[in-house]
Amino acid sequence: MLHVEHLNVAYDTLQVLWDVLLEVREGEIVALIGSNGAGKTTLLKTISGLMKPLYGSIRFMDETIAGLPPHDICQRGVIHVPEGRALFPRMRVIENLELGAYLPAARAQRHHMLERVYRLFPRLKERWRQDAGTLSGGEQQMVAIGRALMAQPKLLMLDEPSLGLAPVLTEAIMDVLAQLNAEGMTILLVSQEVQQALDIAHRAYVIENGRIVRSGPADELRADDAIRSAYLGL
Amino acid sequence: MLYELAQSLTSGLLIGGALAVLSVGFSMAWGITHVLNVAHCAFAVLAAYLGYWALNRWGIDPLLALPIMLPAFFLLGVAMHTLLIRATARRAHDLGLATMVLTFGLGVVMENGMLLAWTPDPRVLKTAYSALTLRVGPVIVQAPHLIAFGLAVITIGALYLFAERTFMGKAVRAVWQQPMGAALSGIDLDRVTTIAYGMAVATAAVGGVAMSLLYTFDPATHLSWLVYVFLVVILGGVGSMLGSALAGLIIGLIIGISSVFIPLAWNNLVLSGLLIVLLLLRPQGLLQR
Ligand SMILES: Nc1ncnc2c1ncn2[C@@H]1O[C@H](COP(=O)(O)OP(=O)(O)OP(=O)(O)O)[C@@H](O)[C@H]1O
Ligand SMILES: [Mg+2]
């Protein structure tokens, strides 16, 4: 579904991704793990069009999307829940969600999708009138995921959705992702909660200093001694 | 004295409406699109001339000319944003500063164009309702004041409904509050910003017609209007429509009150002084939350 090949990305003159190779197949949850500053966020930003690659190809459903503007990539069904959530703080929860369905195809389905988001996150239905900026961190993350779902993603990319959340909430978010995947959603997940991410993922990639250093089935990586000591603290 | 004060407060409030509608687009452009359009009031004066021209050439009241001017000014704004401002944005680090210089030049060009077309003679708009008055209790309200105020209420009300109720309006607010989040929601930032900018320029046409109902104007007038506009926008908070509305009314009231106590010629001095004090005390604006 998503094929990233030989991807090189730089901030001005500082290159941070080197020859990245990554694939996400339809129906999978793929985890991307790596320490701070490894380049995870940069990779997602490049896939969603917020950054332009120096070199390399990104194909989604057999079409090249590298270098397209974000709204165009969004229209093709690649939806990115960014690090820090990027909600509209002085707009209501409901307005944040509706804006996720800004594009015509999604807009036509928005009432139906809203029902589905409320079923996943009943808390949002209670808080629908509140400004997004006044919500707790966990609720904001629900809005961010809800807004992405409103766009009817074919591929959902999440950048550290559990950052700064209490363990219960982290677990709840992971459960939702697993449930979405069970209903057919393809997911690319960046997470610091390596254990939980590997628990729900089918496959995983490890990125270090801008290069993919390992990849394979999630079980295999979970059992790997080097991974266990570096990322799982075991 | 008391009667005089009531009279001045009333006309001050109505003038405030005109100032609000003159300012709201400038505030939008600055807040939402980060363009400091110091030619904003040159567009307003252009609209004042076009209204004047429509009346004296063809006998069409400026109010009736507005429905034609609005889309024309909108397209002018769209063209300006697409051709000039986006090109500047690609090169500049500080868009506010770069566009200020750019639009200052544009303002000079427009002023000279208007000088050539219409001479430096001050114009007075004489409409069918110029001399009409309305008695409300002891206070006399002049029809042009009331109409200017009505234009402001309709325009700012429509902008507010657009921003609160329509998908496009919400997209504009989204781009303003969180551009990255907006882009990731499928909003085309360039397109939405250009539309918002076009609307901002279109409101300058309303502001210009409203002001021409109240004051004489000539091509250089745009600079003195710009002082009012800066004052209103700083007071109301950059980008806030309701802030502009409220601040316009406050400045109008101040103009009204000060006209009772100080000579008219000092009016601009007082307002400019107020602007400086305001910038020193609360540069983020009085009404900004
Ligand atoms: N705006 C920027 N300008 C310059 N360099 C940047 C910028 N953003 C990130 N970098 C650098 O790029 C590298 C990769 O950063 P990135 O944010 O992609 O890492 P990450 O894996 O997401 O890290 P984290 O776990 O902290 O979120 C880092 O060395 C970082 O310092
Ligand atoms: Mg990151």
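**Group meeting: the interface between chains B and A, and ligand 1**

Let me start with the contact between the two chains, where the rule finds 4 residue pairs in polar contact across the interface of chain B and chain A, both residues of each pair being at pLDDT 80 or more; a polar contact here is a pair of N or O atoms within 3.5 Å, and within protein one atom must be able to donate a hydrogen and the other to accept it, while residues adjacent in sequence count only if both atoms are side-chain atoms. On the chain B side, the elements that give two or more residues to the surface touching chain A are helix H6 (167-177), helix H7 (179-184) and helix H8 (189-214), helices being DSSP runs of H or I with at least four residues and strands runs of E with at least two, numbered from the N terminus. H6(B) supplies the largest share of that side, 7 residues.

Please keep in mind that this is a predicted model, in which local features need pLDDT of at least 70 and side-chain atom pairs count only at pLDDT 80 or more, whereas totals for chains, interfaces and linings use all residues. Residues are numbered from 1 along each chain as its sequence is written, chains are lettered from A and ligands numbered from 1 in the order in which they are written, and side-chain values use heavy atoms, with hydrogens and water left out.

The rule also finds 3 salt bridges across this interface, a salt bridge being a side-chain nitrogen of Lys or Arg within 4 Å of a carboxyl oxygen of Asp or Glu. B:Arg173 and A:Glu95 form a salt bridge through their side chains, at 3.4 Å from N to O.

Chain B and chain A bury about 2,100 Å² between them, 65% of it on carbon and sulfur atoms; buried area is the accessible area (1.4 Å probe) that two parts lose on being put together, summed over both. In chain B, the residues that lose the most area to chain A are B:Phe167, B:Gln177 and B:Leu184, together 35% of what that side buries.

Turning to ligand 1, which residues are the closest to it? Of the 14 residues that surround ligand 1, the closest are A:Gly37, A:Lys40, A:Thr41, A:Thr42 and A:Glu83, where a residue counts if one of its heavy atoms lies within 4 Å. Strand S2 (14-24) and helix H1 (40-47) of chain A each supply at least two residues of this shell, and H1(A) gives the largest share, 3 residues. A polar side-chain atom of A:Glu83 lies 2.7 Å from an oxygen atom of ligand 1.
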